[in-house]
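Biologist: I would like a close look at the interior of this protein. Please describe the enclosed space and the nonpolar packing.

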Amino acid sequence: MTDLAVIGAGPAGLAAALAAAAQGVRVVLVDSAAEAGGQFYRQPAPALRARRPQSLHHQWRTWERLRDGLARSDIRLLTDHHVWGVERDSDGFTVHALLGPEQREPATVHAPAVLLATGGYERVLPFPGWTLPGVVTAGGAQAMLKGGLVVPGRTVVVAGTGPLLLPVATGLAAAGVEVAALVEAAGPKSLVRHGRALAAKLPEGAGYAARLLRHRVRLLARHTVVRAHGDDRLTGVTVAALDADGRVRPGTERHLPCDTLAVGHGMLPHTDLAETLGCRLDGLTVAVDDEQRTDVPGVWAAGESTGIGGSALALAEGHIAGLSAAARLKGTEPDPARWAGAAKSRTGLRRIAAALDAAYPPPAHWSDQVTDDTLVCRCEEVTAGAVREAVDALGAGDVRTVKLLTRAGMGWCQGRVCGPAVAGLAGCELTPSRRPFARPVPLGVLARQHDNATRRGTS
(Lines give C-alpha, C1' and ligand atoms only; values in the text may rest on other atoms or scores of the structure.)
Protein backbone atom coordinates (compact mmCIF):
# COMPACT_ATOMS: atom_id res chain seq x y z
CA MET A 1 0.00 0.00 0.00
CA THR A 2 1.14 3.53 -0.80
CA ASP A 3 -0.06 6.84 0.60
CA LEU A 4 2.04 9.26 -1.44
CA ALA A 5 3.73 8.90 -4.82
CA VAL A 6 6.61 11.34 -5.27
CA ILE A 7 7.68 11.73 -8.90
CA GLY A 8 11.29 12.84 -9.23
CA ALA A 9 14.21 11.94 -6.96
CA GLY A 10 16.18 15.15 -7.22
CA PRO A 11 16.57 17.60 -4.31
CA ALA A 12 12.86 18.51 -4.12
CA GLY A 13 11.62 14.93 -4.39
CA LEU A 14 14.12 13.58 -1.89
CA ALA A 15 13.33 16.31 0.65
CA ALA A 16 9.59 15.78 0.22
CA ALA A 17 9.78 12.00 0.47
CA LEU A 18 11.94 12.11 3.61
CA ALA A 19 9.73 14.72 5.30
CA ALA A 20 6.55 12.74 4.60
CA ALA A 21 8.05 9.38 5.54
CA ALA A 22 9.27 10.80 8.86
CA GLN A 23 5.60 11.44 9.71
CA GLY A 24 4.68 7.81 9.10
CA VAL A 25 3.41 8.22 5.54
CA ARG A 26 4.05 5.31 3.17
CA VAL A 27 5.98 6.86 0.28
CA VAL A 28 6.96 5.58 -3.15
CA LEU A 29 9.68 7.65 -4.84
CA VAL A 30 9.73 7.26 -8.63
CA ASP A 31 12.57 8.40 -10.89
CA SER A 32 13.79 7.75 -14.43
CA ALA A 33 17.48 7.54 -13.51
CA ALA A 34 19.31 4.48 -12.26
CA GLU A 35 20.13 6.22 -8.96
CA ALA A 36 18.46 8.89 -6.86
CA GLY A 37 19.88 12.42 -6.88
CA GLY A 38 18.54 14.10 -10.00
CA GLN A 39 20.75 16.26 -12.19
CA PHE A 40 22.19 18.24 -9.29
CA TYR A 41 23.31 15.17 -7.35
CA ARG A 42 23.93 12.95 -10.37
CA GLN A 43 26.28 10.10 -9.38
CA PRO A 44 28.78 8.04 -11.39
CA ALA A 45 27.69 4.46 -12.03
CA PRO A 46 29.01 2.12 -9.30
CA ALA A 47 30.89 0.11 -11.94
CA LEU A 48 33.08 3.17 -12.62
CA ARG A 49 34.44 2.98 -9.06
CA ALA A 50 34.87 6.71 -8.71
CA ARG A 51 37.36 7.39 -5.94
CA ARG A 52 36.41 11.00 -5.22
CA PRO A 53 32.90 11.68 -6.60
CA GLN A 54 32.57 14.58 -4.16
CA SER A 55 35.09 16.54 -6.24
CA LEU A 56 32.42 16.86 -8.96
CA HIS A 57 29.77 18.25 -6.64
CA HIS A 58 28.74 21.20 -4.53
CA GLN A 59 26.93 20.68 -1.23
CA TRP A 60 28.21 17.11 -0.95
CA ARG A 61 27.36 16.91 2.75
CA THR A 62 23.76 17.79 1.97
CA TRP A 63 23.69 14.94 -0.53
CA GLU A 64 25.16 12.54 2.04
CA ARG A 65 22.40 13.46 4.50
CA LEU A 66 19.73 12.91 1.87
CA ARG A 67 21.29 9.65 0.68
CA ASP A 68 21.73 8.26 4.19
CA GLY A 69 18.24 9.35 5.20
CA LEU A 70 16.81 7.55 2.17
CA ALA A 71 18.75 4.38 3.06
CA ARG A 72 17.44 4.41 6.65
CA SER A 73 13.85 5.15 5.70
CA ASP A 74 11.00 2.89 4.61
CA ILE A 75 10.65 4.82 1.35
CA ARG A 76 10.24 2.51 -1.64
CA LEU A 77 12.55 3.81 -4.39
CA LEU A 78 11.63 2.87 -7.95
CA THR A 79 14.45 3.78 -10.33
CA ASP A 80 14.45 3.40 -14.12
CA HIS A 81 10.76 4.31 -14.07
CA HIS A 82 10.03 6.82 -16.83
CA VAL A 83 6.69 8.41 -15.95
CA TRP A 84 4.60 9.30 -18.97
CA GLY A 85 1.30 10.16 -17.33
CA VAL A 86 -0.74 10.47 -14.13
CA GLU A 87 -4.46 9.77 -14.08
CA ARG A 88 -7.07 10.59 -11.48
CA ASP A 89 -9.28 7.65 -10.55
CA SER A 90 -11.95 6.85 -7.99
CA ASP A 91 -9.56 6.40 -5.06
CA GLY A 92 -6.68 8.70 -5.93
CA PHE A 93 -4.15 8.61 -8.73
CA THR A 94 -2.48 6.11 -11.03
CA VAL A 95 1.08 6.88 -12.09
CA HIS A 96 1.99 5.31 -15.44
CA ALA A 97 5.65 4.58 -16.21
CA LEU A 98 7.85 2.73 -18.67
CA LEU A 99 10.63 0.54 -17.33
CA GLY A 100 14.35 0.50 -18.09
CA PRO A 101 16.49 2.00 -20.80
CA GLU A 102 14.31 0.66 -23.63
CA GLN A 103 11.13 2.06 -22.04
CA ARG A 104 8.84 -0.61 -23.43
CA GLU A 105 7.48 -2.45 -20.39
CA PRO A 106 4.75 -0.65 -18.45
CA ALA A 107 4.45 -0.20 -14.69
CA THR A 108 1.88 1.55 -12.53
CA VAL A 109 1.78 2.99 -9.02
CA HIS A 110 -1.48 3.76 -7.21
CA ALA A 111 -1.66 6.35 -4.43
CA PRO A 112 -4.23 8.68 -2.82
CA ALA A 113 -1.88 11.64 -3.35
CA VAL A 114 0.87 12.70 -5.75
CA LEU A 115 3.77 15.08 -5.33
CA LEU A 116 5.37 16.38 -8.54
CA ALA A 117 9.09 17.11 -8.33
CA THR A 118 9.79 16.84 -12.03
CA GLY A 119 12.57 19.45 -12.27
CA GLY A 120 13.46 21.52 -15.30
CA TYR A 121 15.26 21.31 -18.62
CA GLU A 122 17.64 23.50 -20.59
CA ARG A 123 16.68 26.16 -23.07
CA VAL A 124 19.01 26.33 -26.08
CA LEU A 125 18.43 28.96 -28.74
CA PRO A 126 19.60 28.12 -32.27
CA PHE A 127 22.37 29.71 -34.30
CA PRO A 128 24.04 28.66 -37.56
CA GLY A 129 25.94 25.41 -36.99
CA TRP A 130 24.30 24.47 -33.69
CA THR A 131 23.42 20.99 -34.97
CA LEU A 132 27.06 20.04 -35.65
CA PRO A 133 28.49 17.06 -33.76
CA GLY A 134 30.47 18.55 -30.89
CA VAL A 135 27.77 21.04 -29.90
CA VAL A 136 26.16 19.90 -26.64
CA THR A 137 24.06 21.55 -23.98
CA ALA A 138 25.86 22.91 -20.93
CA GLY A 139 23.88 20.58 -18.70
CA GLY A 140 24.66 17.67 -21.00
CA ALA A 141 28.38 18.31 -20.63
CA GLN A 142 27.94 18.43 -16.87
CA ALA A 143 25.93 15.19 -16.87
CA MET A 144 28.65 13.42 -18.88
CA LEU A 145 31.24 14.49 -16.33
CA LYS A 146 29.20 13.72 -13.22
CA GLY A 147 27.52 10.54 -14.40
CA GLY A 148 30.05 9.03 -16.78
CA LEU A 149 33.35 10.54 -15.62
CA VAL A 150 33.99 11.54 -19.23
CA VAL A 151 34.55 14.93 -20.83
CA PRO A 152 32.87 16.02 -24.08
CA GLY A 153 36.10 17.11 -25.76
CA ARG A 154 39.63 18.41 -25.35
CA THR A 155 39.05 22.10 -26.06
CA VAL A 156 35.69 23.47 -25.01
CA VAL A 157 33.92 26.81 -25.27
CA VAL A 158 31.15 27.24 -22.69
CA ALA A 159 28.58 29.76 -23.89
CA GLY A 160 25.09 31.17 -23.50
CA THR A 161 23.75 32.77 -20.37
CA GLY A 162 22.81 31.85 -16.82
CA PRO A 163 24.34 30.67 -13.54
CA LEU A 164 24.74 27.08 -14.81
CA LEU A 165 27.62 28.09 -17.08
CA LEU A 166 29.93 28.78 -14.12
CA PRO A 167 29.92 25.28 -12.57
CA VAL A 168 30.09 23.73 -16.03
CA ALA A 169 33.17 25.75 -17.03
CA THR A 170 34.97 25.27 -13.70
CA GLY A 171 34.06 21.58 -13.54
CA LEU A 172 35.41 20.88 -17.02
CA ALA A 173 38.57 22.87 -16.34
CA ALA A 174 39.17 20.95 -13.10
CA ALA A 175 38.81 17.71 -15.05
CA GLY A 176 41.70 18.69 -17.33
CA VAL A 177 39.77 20.13 -20.25
CA GLU A 178 41.10 23.27 -21.91
CA VAL A 179 38.23 25.72 -21.57
CA ALA A 180 39.02 28.22 -24.31
CA ALA A 181 36.47 30.76 -23.06
CA LEU A 182 33.35 31.28 -21.01
CA VAL A 183 31.09 33.33 -23.29
CA GLU A 184 28.35 34.98 -21.21
CA ALA A 185 25.67 37.15 -22.81
CA ALA A 186 24.96 39.03 -19.58
CA GLY A 187 27.32 41.73 -18.38
CA PRO A 188 28.49 43.12 -15.05
CA LYS A 189 25.98 46.00 -15.16
CA SER A 190 23.12 43.53 -15.21
CA LEU A 191 24.40 41.87 -12.04
CA VAL A 192 25.06 45.22 -10.35
CA ARG A 193 21.45 46.29 -10.95
CA HIS A 194 20.34 43.32 -8.87
CA GLY A 195 23.25 43.47 -6.43
CA ARG A 196 21.16 43.83 -3.29
CA ALA A 197 19.06 40.73 -4.02
CA LEU A 198 22.15 38.77 -5.07
CA ALA A 199 24.36 39.75 -2.12
CA ALA A 200 23.98 36.28 -0.60
CA LYS A 201 25.40 34.75 -3.79
CA LEU A 202 28.60 36.83 -3.74
CA PRO A 203 30.76 34.25 -1.89
CA GLU A 204 29.71 31.53 -4.33
CA GLY A 205 30.35 33.79 -7.30
CA ALA A 206 33.74 34.79 -5.94
CA GLY A 207 34.65 31.15 -5.58
CA TYR A 208 33.82 30.46 -9.22
CA ALA A 209 35.76 33.55 -10.31
CA ALA A 210 38.82 32.35 -8.41
CA ARG A 211 38.63 28.94 -10.07
CA LEU A 212 38.28 30.50 -13.51
CA LEU A 213 41.41 32.54 -12.86
CA ARG A 214 43.28 29.54 -11.51
CA HIS A 215 42.53 27.56 -14.66
CA ARG A 216 43.14 30.59 -16.90
CA VAL A 217 39.66 30.50 -18.38
CA ARG A 218 38.96 33.64 -20.38
CA LEU A 219 35.63 35.32 -19.56
CA LEU A 220 33.95 37.13 -22.44
CA ALA A 221 31.05 39.01 -20.86
CA ARG A 222 28.39 40.63 -23.06
CA HIS A 223 29.34 38.25 -25.86
CA THR A 224 27.44 35.57 -27.75
CA VAL A 225 28.13 32.75 -30.22
CA VAL A 226 26.99 33.79 -33.68
CA ARG A 227 28.12 30.71 -35.63
CA ALA A 228 29.61 27.26 -35.13
CA HIS A 229 32.02 26.03 -37.80
CA GLY A 230 32.86 22.62 -39.20
CA ASP A 231 31.87 20.03 -41.79
CA ASP A 232 31.62 16.61 -40.16
CA ARG A 233 32.10 17.99 -36.64
CA LEU A 234 32.78 21.20 -34.78
CA THR A 235 36.13 22.91 -35.40
CA GLY A 236 35.48 26.34 -33.86
CA VAL A 237 33.01 29.10 -33.13
CA THR A 238 32.67 32.77 -33.96
CA VAL A 239 31.72 34.97 -31.02
CA ALA A 240 30.90 38.66 -30.98
CA ALA A 241 30.24 41.42 -28.46
CA LEU A 242 26.71 42.62 -27.72
CA ASP A 243 25.63 46.23 -27.39
CA ALA A 244 23.34 47.56 -24.67
CA ASP A 245 20.25 46.50 -26.62
CA GLY A 246 21.45 42.93 -27.08
CA ARG A 247 22.46 43.30 -30.72
CA VAL A 248 25.77 42.08 -32.13
CA ARG A 249 28.28 44.89 -32.45
CA PRO A 250 29.70 44.85 -36.01
CA GLY A 251 33.45 44.38 -36.21
CA THR A 252 33.77 42.58 -32.86
CA GLU A 253 33.67 39.03 -34.24
CA ARG A 254 36.49 36.68 -33.26
CA HIS A 255 37.14 33.01 -34.01
CA LEU A 256 37.77 30.52 -31.19
CA PRO A 257 39.12 27.10 -32.24
CA CYS A 258 37.51 24.27 -30.26
CA ASP A 259 36.20 20.74 -30.67
CA THR A 260 33.26 21.18 -28.28
CA LEU A 261 30.73 23.89 -27.56
CA ALA A 262 28.68 23.54 -24.35
CA VAL A 263 25.81 26.00 -24.69
CA GLY A 264 22.69 26.88 -22.73
CA HIS A 265 20.36 29.82 -22.23
CA GLY A 266 18.80 29.15 -18.87
CA MET A 267 16.24 26.62 -17.68
CA LEU A 268 12.54 25.96 -18.16
CA PRO A 269 10.26 24.02 -15.80
CA HIS A 270 8.91 20.56 -16.58
CA THR A 271 5.14 20.93 -16.30
CA ASP A 272 3.82 18.14 -18.55
CA LEU A 273 2.44 15.95 -15.75
CA ALA A 274 0.90 18.91 -13.96
CA GLU A 275 -0.77 20.03 -17.16
CA THR A 276 -2.28 16.60 -17.89
CA LEU A 277 -3.72 16.60 -14.36
CA GLY A 278 -5.30 19.98 -15.00
CA CYS A 279 -3.17 21.93 -12.53
CA ARG A 280 -3.26 25.68 -12.98
CA LEU A 281 -0.10 27.25 -14.34
CA ASP A 282 1.29 30.67 -13.50
CA GLY A 283 2.95 31.56 -16.79
CA LEU A 284 5.31 28.67 -17.47
CA THR A 285 5.36 27.32 -13.89
CA VAL A 286 3.01 25.22 -11.79
CA ALA A 287 0.99 27.46 -9.49
CA VAL A 288 1.12 26.44 -5.81
CA ASP A 289 -0.02 27.89 -2.48
CA ASP A 290 2.02 28.35 0.69
CA GLU A 291 1.87 24.58 1.34
CA GLN A 292 3.10 23.81 -2.23
CA ARG A 293 -0.38 22.50 -3.09
CA THR A 294 -1.66 22.83 -6.64
CA ASP A 295 -5.30 23.66 -7.28
CA VAL A 296 -6.00 19.96 -7.96
CA PRO A 297 -6.89 18.25 -4.66
CA GLY A 298 -4.32 15.63 -3.70
CA VAL A 299 -1.53 17.04 -5.89
CA TRP A 300 1.50 18.92 -4.57
CA ALA A 301 4.44 20.33 -6.57
CA ALA A 302 7.92 21.43 -5.53
CA GLY A 303 11.25 22.34 -7.06
CA GLU A 304 11.97 23.64 -10.54
CA SER A 305 8.48 22.85 -11.86
CA THR A 306 7.16 25.69 -9.67
CA GLY A 307 9.94 28.08 -10.74
CA ILE A 308 13.62 27.70 -11.57
CA GLY A 309 15.54 28.46 -8.40
CA GLY A 310 18.30 25.92 -7.75
CA SER A 311 18.80 23.06 -5.32
CA ALA A 312 18.51 24.99 -2.05
CA LEU A 313 15.09 26.35 -3.01
CA ALA A 314 14.04 22.90 -4.22
CA LEU A 315 15.01 21.39 -0.85
CA ALA A 316 12.99 23.98 1.06
CA GLU A 317 9.93 23.57 -1.14
CA GLY A 318 10.17 19.80 -1.02
CA HIS A 319 10.35 19.78 2.78
CA ILE A 320 7.26 22.00 3.04
CA ALA A 321 5.35 19.92 0.50
CA GLY A 322 6.20 16.65 2.25
CA LEU A 323 5.05 17.88 5.66
CA SER A 324 1.86 19.37 4.21
CA ALA A 325 1.02 16.18 2.32
CA ALA A 326 1.69 14.02 5.38
CA ALA A 327 -0.63 16.07 7.58
CA ARG A 328 -3.48 16.18 5.08
CA LEU A 329 -3.20 12.46 4.31
CA LYS A 330 -3.70 11.85 8.00
CA GLY A 331 -6.75 14.09 8.00
CA THR A 332 -5.24 16.88 10.10
CA GLU A 333 -4.73 20.56 9.40
CA PRO A 334 -1.02 21.25 8.75
CA ASP A 335 0.80 23.48 11.21
CA PRO A 336 2.90 26.04 9.28
CA ALA A 337 5.09 26.48 12.36
CA ARG A 338 6.56 23.06 11.59
CA TRP A 339 8.14 24.39 8.42
CA ALA A 340 8.68 28.01 9.43
CA GLY A 341 12.43 27.79 8.85
CA ALA A 342 11.97 26.29 5.39
CA ALA A 343 9.34 28.90 4.56
CA LYS A 344 11.70 31.70 5.52
CA SER A 345 14.42 30.17 3.34
CA ARG A 346 11.94 29.77 0.50
CA THR A 347 11.04 33.46 0.58
CA GLY A 348 14.66 34.59 0.42
CA LEU A 349 15.65 32.04 -2.21
CA ARG A 350 12.72 32.92 -4.43
CA ARG A 351 13.82 36.55 -4.28
CA ILE A 352 17.32 35.51 -5.36
CA ALA A 353 15.91 33.32 -8.13
CA ALA A 354 13.85 36.21 -9.50
CA ALA A 355 16.93 38.46 -9.48
CA LEU A 356 19.03 35.84 -11.29
CA ASP A 357 16.30 35.38 -13.88
CA ALA A 358 16.26 39.13 -14.50
CA ALA A 359 20.06 39.39 -14.56
CA TYR A 360 20.58 36.58 -17.08
CA PRO A 361 18.06 37.06 -19.90
CA PRO A 362 18.82 35.58 -23.33
CA PRO A 363 20.11 38.19 -25.80
CA ALA A 364 17.11 40.28 -26.81
CA HIS A 365 17.90 40.07 -30.54
CA TRP A 366 19.30 36.53 -30.76
CA SER A 367 17.02 35.71 -33.70
CA ASP A 368 18.75 38.32 -35.88
CA GLN A 369 21.73 35.97 -36.18
CA VAL A 370 19.64 32.94 -37.18
CA THR A 371 19.91 32.47 -40.94
CA ASP A 372 16.98 31.12 -42.94
CA ASP A 373 18.77 27.82 -43.60
CA THR A 374 19.41 27.17 -39.89
CA LEU A 375 17.53 24.13 -38.61
CA VAL A 376 15.25 25.09 -35.75
CA CYS A 377 13.24 21.90 -35.25
CA ARG A 378 15.77 19.10 -35.61
CA CYS A 379 13.24 16.29 -35.26
CA GLU A 380 11.23 17.43 -38.29
CA GLU A 381 14.08 19.30 -40.04
CA VAL A 382 12.22 22.61 -40.10
CA THR A 383 14.35 25.66 -40.88
CA ALA A 384 14.12 29.19 -39.55
CA GLY A 385 13.11 30.27 -43.05
CA ALA A 386 10.09 27.97 -42.96
CA VAL A 387 9.00 29.40 -39.61
CA ARG A 388 9.37 32.96 -40.91
CA GLU A 389 7.43 32.09 -44.06
CA ALA A 390 4.59 30.66 -41.97
CA VAL A 391 4.35 33.99 -40.15
CA ASP A 392 5.08 36.50 -42.91
CA ALA A 393 3.51 34.77 -45.92
CA LEU A 394 0.89 32.46 -44.43
CA GLY A 395 -0.30 34.62 -41.55
CA ALA A 396 0.50 32.38 -38.60
CA GLY A 397 0.00 34.37 -35.39
CA ASP A 398 0.80 31.81 -32.72
CA VAL A 399 3.05 28.84 -32.10
CA ARG A 400 0.29 26.29 -32.63
CA THR A 401 -0.46 27.61 -36.11
CA VAL A 402 3.26 27.63 -36.96
CA LYS A 403 3.38 24.01 -35.83
CA LEU A 404 0.44 23.04 -38.05
CA LEU A 405 1.92 24.79 -41.07
CA THR A 406 5.54 23.62 -40.69
CA ARG A 407 5.48 20.52 -38.40
CA ALA A 408 7.88 22.32 -36.03
CA GLY A 409 7.41 20.65 -32.65
CA MET A 410 5.73 17.49 -33.97
CA GLY A 411 8.80 15.26 -33.57
CA TRP A 412 10.25 13.11 -30.81
CA CYS A 413 10.81 15.96 -28.34
CA GLN A 414 7.30 17.37 -28.96
CA GLY A 415 8.62 20.92 -29.02
CA ARG A 416 10.51 20.82 -25.73
CA VAL A 417 13.78 21.73 -27.46
CA CYS A 418 12.57 23.88 -30.35
CA GLY A 419 9.54 25.49 -28.68
CA PRO A 420 11.34 28.58 -27.32
CA ALA A 421 13.12 29.11 -30.64
CA VAL A 422 9.95 28.77 -32.71
CA ALA A 423 8.16 31.22 -30.43
CA GLY A 424 11.03 33.72 -30.64
CA LEU A 425 11.32 33.53 -34.41
CA ALA A 426 7.56 33.85 -34.80
CA GLY A 427 7.44 36.82 -32.46
CA CYS A 428 5.03 34.98 -30.16
CA GLU A 429 5.04 34.59 -26.41
CA LEU A 430 6.20 31.18 -25.22
CA THR A 431 3.23 29.43 -23.65
CA PRO A 432 2.82 25.94 -22.17
CA SER A 433 1.88 23.29 -24.69
CA ARG A 434 -0.45 20.77 -23.12
CA ARG A 435 0.50 17.28 -24.22
CA PRO A 436 -1.37 14.03 -23.51
CA PHE A 437 1.89 12.24 -22.62
CA ALA A 438 4.99 13.45 -20.80
CA ARG A 439 7.19 11.27 -23.02
CA PRO A 440 6.74 9.02 -26.09
CA VAL A 441 4.80 5.82 -25.32
CA PRO A 442 4.77 2.65 -27.47
CA LEU A 443 1.36 1.99 -29.01
CA GLY A 444 1.45 -1.54 -27.60
CA VAL A 445 1.55 -0.16 -24.06
CA LEU A 446 -1.47 2.06 -24.72
CA ALA A 447 -3.34 -0.84 -26.35
CA ARG A 448 -2.73 -3.15 -23.38
CA GLN A 449 -3.84 -0.40 -21.01
CA HIS A 450 -7.05 0.03 -23.01
CA ASP A 451 -7.69 -3.74 -23.00
CA ASN A 452 -7.16 -3.92 -19.25
CA ALA A 453 -9.51 -1.01 -18.66
CA THR A 454 -12.15 -2.63 -20.90
CA ARG A 455 -11.91 -5.93 -19.01
CA ARG A 456 -12.25 -4.14 -15.67
CA GLY A 457 -15.31 -2.32 -16.95
CA THR A 458 -17.05 -5.52 -18.08
CA SER A 459 -16.09 -7.76 -15.17
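Modeller: The account below takes the cavity and then the nonpolar cores. The model is a predicted one. A search of the whole structure finds 1 cavity of 30 Å³ or more, and about 180 Å³ of space lies in the largest cavity. Its lining comprises 20 residues, of which Thr-224, Val-225, His-265, Pro-363 and Trp-366 are the closest to the centre. Three strands, S10 (155-161), S13 (223-229) and S16 (260-265), are the elements that give two or more residues to this lining. Strand S13 gives the most, with 3 residues. By class, the lining of the largest cavity is made up of 12 nonpolar, 7 polar and 1 charged residues.

The nonpolar packing is taken next. The largest nonpolar core has 30 residues, and within this core Leu-4, Val-27, Leu-29 and Leu-115 have the most contacts. Two or more residues come from each of the strands S1 (4-7), S2 (27-30) and S7 (113-116), and likewise from each of the helices H1 (11-21), H2 (60-72) and H8 (311-329). Helix H1 gives the most to this core, with 7 residues. Leu-29 may serve as an example of the surroundings of one core residue. Residues up to four places away in sequence not being counted, Leu-29 touches Val-6, Gly-8, Ala-9, Gly-13, Leu-14 and Ala-17, and also Leu-70, Ile-75, Arg-76, Leu-77 and Leu-78. A second core, separate from the largest one, has 23 residues, among them Val-109, Ala-111, Val-114 and Ala-274.

Technical notes: Residues are numbered from 1 along each chain as its sequence is written. This is a predicted model: local features need pLDDT of at least 70, side-chain atom pairs count only at pLDDT 80 or more; totals for chains, interfaces and linings use all residues. Side-chain values use heavy atoms; hydrogens and water are left out. On a 1 Å grid over the protein atoms alone, a cavity is a set of points where a 1.4 Å probe fits but cannot get out, and a pocket is an open set with protein on both sides within 12 Å along at least five of seven lines; lining residues have an atom within 4 Å of a point. Grid points are joined across faces, edges and corners, and a volume is the space filled by probe spheres set on the points. Helices (H or I, at least four residues) and strands (E, at least two) are DSSP runs, numbered from the N terminus. Ala, Val, Leu, Ile, Met, Phe, Trp, Tyr, Cys and Pro count as nonpolar, Asp, Glu, Lys and Arg as charged, and the others, Gly among them, as polar. A nonpolar core is a set of buried Ala, Val, Leu, Ile, Met, Phe, Trp, Tyr and Cys residues joined through side-chain atoms within 4.5 Å. Buried means under 20% relative accessible area, exposed over 50%, partly exposed in between (1.4 Å probe, protein chains only). Contact means heavy atoms within 4.5 Å.
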